[in-house]
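Open the model in your viewer and keep the selection panel at hand. The tour goes one selection at a time.

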Amino acid sequence: MLLGGPPRRSPRSGTSPKGPQSSTGHVHFGKSPQTWPRRTRPRSPGLAAPSGVRGSTQPKRRDFPRRAWLTALSRYGARLWMGRRPSLPEARGPAPRSAAASRASRSLASPETSPSPLPATTRGAVAGGGSVQGRAGAQKEVFPGQGAGKMAAPMELFCWSGGWGLPSVDLDSLAVLTYARFTGAPLKVHKISNPWRSPSGTLPALRTSHGEVISVPHKIITHLRKEKYNADYDLSARQGADTLAFMSLLEEKLLPVLVHTFWIDTKNYVEVTRKWYAEAMPFPLNFFLPGRMQRQYMERLQLLSGEHRPEDEEELEKELYREARECLTLLSQRLGTQKFFFGDAPASLDAFVFSYLALLLQAKLPNGKLQAHLRGLHNLCAYCTHILSLYFPWDGAEVPPPRHTPAGPETEEEPYGRRNQILSVLAGLAAMVGYALLSGIVSIQRATPARAPSTRALGMAEEDEEE
Amino acid sequence: MGHMVKQNSDKIAAEPWPENATLYQQLKGEQILLSDNAASLAVQAFLQMCNLPIKVVCRANAEYMSPSGKVPFIHVGNQVVSELGPIVQFVKAKGHSLSDGLDEVQKAEMKAYMELVNNMLLTAELYLQWCDEATVGEITHARYGSPYPWPLNHILAYQKQWEIKRKMKAIGWGKKTLDQVLEDVDQCCQALSQRLGTQPYFFNKQPTELDALVFGHLYTILTTQLTNDELSEKVKNYSNLLAFCRRIEQHYFEDRGKDRLS
């Protein structure tokens with residue numbers, strides 16, 4: 001076991017996330033367990049070693065990728081190791097650890113994360129609740145440079161889980177996540193698909209270090225700013241004003257259309273949105289919650305666009321889309337050839353614009369009029385893919401394979417489908433015939449009626465003779 | 001969004017601006033509310049800036065006459081157009097435009113700032129009028145229902161209030177307190193002030209529809225008497241905005257010999 005071997009950033013389990021990652025404390029409860037490279041956090045991968053080793057590990061420069069290597073060793077080894085893991089990155093000290101641990105365990109109870117602390121996976125940092133707690137209790141070391149600082153628990157963000165190639169399918173969650181990535185805020189991200197599991201009942205929700213729960217996206221970002229994770233730090237006053245203005249533009253022009261495209265347009269809703277939500281949510285929520293969300297969005301859209309008479313609906317829709325196209329064009333003009341809206345560093349406006357655009361671009365919508373227009377604006381597309389590749393490189397791999405080849409499974413199913421059809425017809429026929437035969441509705445005459453009477457005749461003749 | 005009567009733009013362009021174009025709004029003295037007054041003033045300012053004559057007519061049922069339910073609306077020739085956005089487009093189809101000289105980026109910014117005003121200032125005004133109990137009780141209910149006999153005045157006022165409250169909830173302002181709303185107004189004014197800087201108008205030398213809109217709202221806020229002065233105080237903090245309002249008032253309203261806007 002090498003203590004303090006290779007540099008921290010060695011890739012874990014084959015994935016090598018690049019780019020400015022959000023630092024520490026990103027414990028990812030999502031589908032890809034091995035994600036976050038923590039930049040500075042002391043992670044001593046226990047190394048499946050006896051506790052003695054742990055005591056001596058000054059956690060600092062441990063590279064957690066070690067964990068992947070360890071799990072390859074043996075389940076047993078991993079289990080042992082996990083039982084010994086010293087603190088999770090975001091710990092500030094032993095005491096808050098248990099608080100965070102209990103929170104972690106609670107959040108682990110949420111449906112989509114693997115419910116049991118399977119040692120096999122590199123759920124590593126996030127180990128199962130039990131082992132975390134055990135760990136917290138067993139942990140003794142104080143990490144230098146941390147303990148003296150904030151003793152508060154880390155902030156936790158609950159948001160919708162990912163899909164369609166994005167880290168999150170919900171607009172607000174995506175915006176908040178992106179902002180957090182931009183600023184490197186140490187958030188514990190819980191990607192869940194059950195809104196009832198979040199502390200406020202809606203997603204996204206941020207639980208601050210003081211236990212307070214914020215669920216309005218703007219307020220979440222304001223809170224992050226207050227905690228000194230400010231992406232708008234370098235903006236001039238005029239740029240700050242522009243930010244406000246463009247966010248209003250987005251909200252007024254683009255948001256209604258986005259809501260309409262995903263939730264009101266029937267084809268899109270049935271084939272894409274509802275499908276995703278119904279698949280992602282646990283039973284029995286998947287039966288009624290998507291429908292309820294749709295009704296809420298519909299109501300909101302109606303209120304936003306004002307009262308209109310039923311016959312105007314189509315025209316209203318056309319008008320909405322026209323304005324949205326105009327808005328996109330305006331954004332494109334404003335962006336020009338820059339990398340981000342205000343120069344070379346991303347700001348909060350970029351987070352919001354990205355969330356709108358990414359959803360429009362990535363989701364495979366059957367009715368994609370706005371999508372088509374957006375694809376024509378190349379600088380916006382490049383902007384999106386740039387941010388996606390820079391800040392969410394592995395989330396792109398979250399897309400489950402079937403989605404990549406929508407045609408594939410279908411054609412594969414085809415021959416089987418035909419075969420199954422034929423088989424089922426045959427089975428039905430056989431069942432009917434068999435029943436008919438057995439119950440005597442139909443009886444099969446023996447093929448040689450001529451022989452029968454002769455044998456009988458013979459038999460009778462014999463009887464006669466006997467008599 | 002405003003409702004524009006379906007017409008080809010050719011037809012619109014064919015007729016010149018008539019002399020008898022009228023703008024309808026509610027009764028100025030007793031009925032009109034802060035937000036409607038602001039909108040009406042914005043349209044008037046815009047038309048003045050375009051040098052198009054318009055006559056203001058006050059009717060008690062202006063809201064119901066309007067094709068989209070929103071005031072003000074203008075009656076030009078045989079067409080009726082309501083709300084600033086569609087009116088700007090309509091006027092543009094007739095060949096008058098204030099924003100032709102802007103480049104693409106500036107146009108984008110102009111639209112964005114107009115949305116900012118609509119999003120924050122207008123919503124704040126609506127909130128103050130309809131969701132702040134003190135103002136509602138003392139001013140809004142009385143004014144809104146004034147042309148109608150009892151009990152219609154109460155019914156209509158409550159109905160409108162309920163509608164506005166629903167809208168506020170839908171956009172997330174339902175839970176805001178008055179202080180938060182005032183803070184939002186402050187932020188908005190700060191943004192406008194920073195954008196304006198030391199220039200005479202938002203896009204330097206020539207006024208645009210953004211200037212008209214901002215003027216309409218700020219002037220109304222500054223000159224309307226409410227139960228408390230907090231809203232106007234927020235605006236008064238920014239001297240360049242005050243100077244801006246004054247400038248437009250002098251240039252486009254006093255000079256033309258129109259009556260002083262009360």
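Select helix H8 of chain B and colour it by burial. Twelve names are worth labelling as buried: B:Leu178, B:Val181, B:Leu182, B:Asp184, B:Val185, B:Cys188, B:Cys189, B:Ala191, B:Leu192, B:Ser193, B:Arg195 and B:Leu196. This is a predicted model, so treat what you see as such. Look at the spacing along the helix as you label. An α-helix has 3.6 residues a turn, so residues three or four places apart point the same way.

Now take the whole element, residues 178–196 of chain B. H8(B) has 19 residues and reaches 27 Å from first C-alpha to last, close to the 27 Å expected at 1.5 Å a residue. Step just past its end: B:Gly197 has a positive phi of about 60°.

What do the buried residues of H8(B) pack against? Within chain B, show helices H5 (104–130), H9 (209–223), H10 (230–236) and H11 (239–254). Then add helix H8 (237–264) of chain A, which is also a packing partner.

That leads to the interface. Select both sides: 30 residues of chain B are in contact with 29 residues of chain A. The two chains bury about 2700 Å² between them, with 54% of it on carbon and sulfur atoms. For charged pairs, the rule finds three salt bridges across this interface. Zoom to one pair, A:Glu326 and B:Lys111, whose side chains meet in a salt bridge at 3.0 Å, N to O. Six residue pairs are in polar contact across the interface, both residues at pLDDT 80 or more. On the side of chain B that touches chain A, the elements giving two or more residues are H5, H7 (152–170) and H8 of chain B. H5(B) gives the most, with 12 residues.

Stay on H5 of chain B and pick B:Gln129, which sits in that helix. Buried or exposed? B:Gln129 counts as buried because its relative accessibility is 3%, against a cut-off of under 20%. Its side chain reaches the backbone nitrogen of B:Leu34 at 3.0 Å. Beyond residues up to four places away in sequence, B:Gln129 touches B:Leu33, B:Leu34, B:Ser35, B:Thr135, B:Val136 and B:Thr140.

Last, select chain A on its own. Its secondary structure comes to 17 helices and four strands. Of its 467 residues, 49% count as buried. Turn on the surface: chain A exposes about 22000 Å², and carbon and sulfur atoms supply 58% of it. For a contact map of chain A, take separations of 6 or more; residues 24 or more positions apart account for 74% of those contacts.

Methods:
Residues are numbered from 1 along each chain as its sequence is written. Chains are lettered from A and ligands numbered from 1 in the order in which they are written. This is a predicted model: local features need pLDDT of at least 70, side-chain atom pairs count only at pLDDT 80 or more; totals for chains, interfaces and linings use all residues. Side-chain values use heavy atoms; hydrogens and water are left out. The expected span of a helix is 1.5 Å times one less than its number of residues. Buried means under 20% relative accessible area, exposed over 50%, partly exposed in between (1.4 Å probe, protein chains only). Contact means heavy atoms within 4.5 Å. A polar contact is a pair of N or O atoms within 3.5 Å; within protein, one must be able to donate a hydrogen and the other to accept it, and residues adjacent in sequence count only if both atoms are side-chain atoms. Accessible areas come from the Shrake-Rupley method with a 1.4 Å probe; for residues, only the protein chains shown count as cover. Buried area is the accessible area (1.4 Å probe) that two parts lose on being put together, summed over both. A salt bridge is a side-chain nitrogen of Lys or Arg within 4 Å of a carboxyl oxygen of Asp or Glu.
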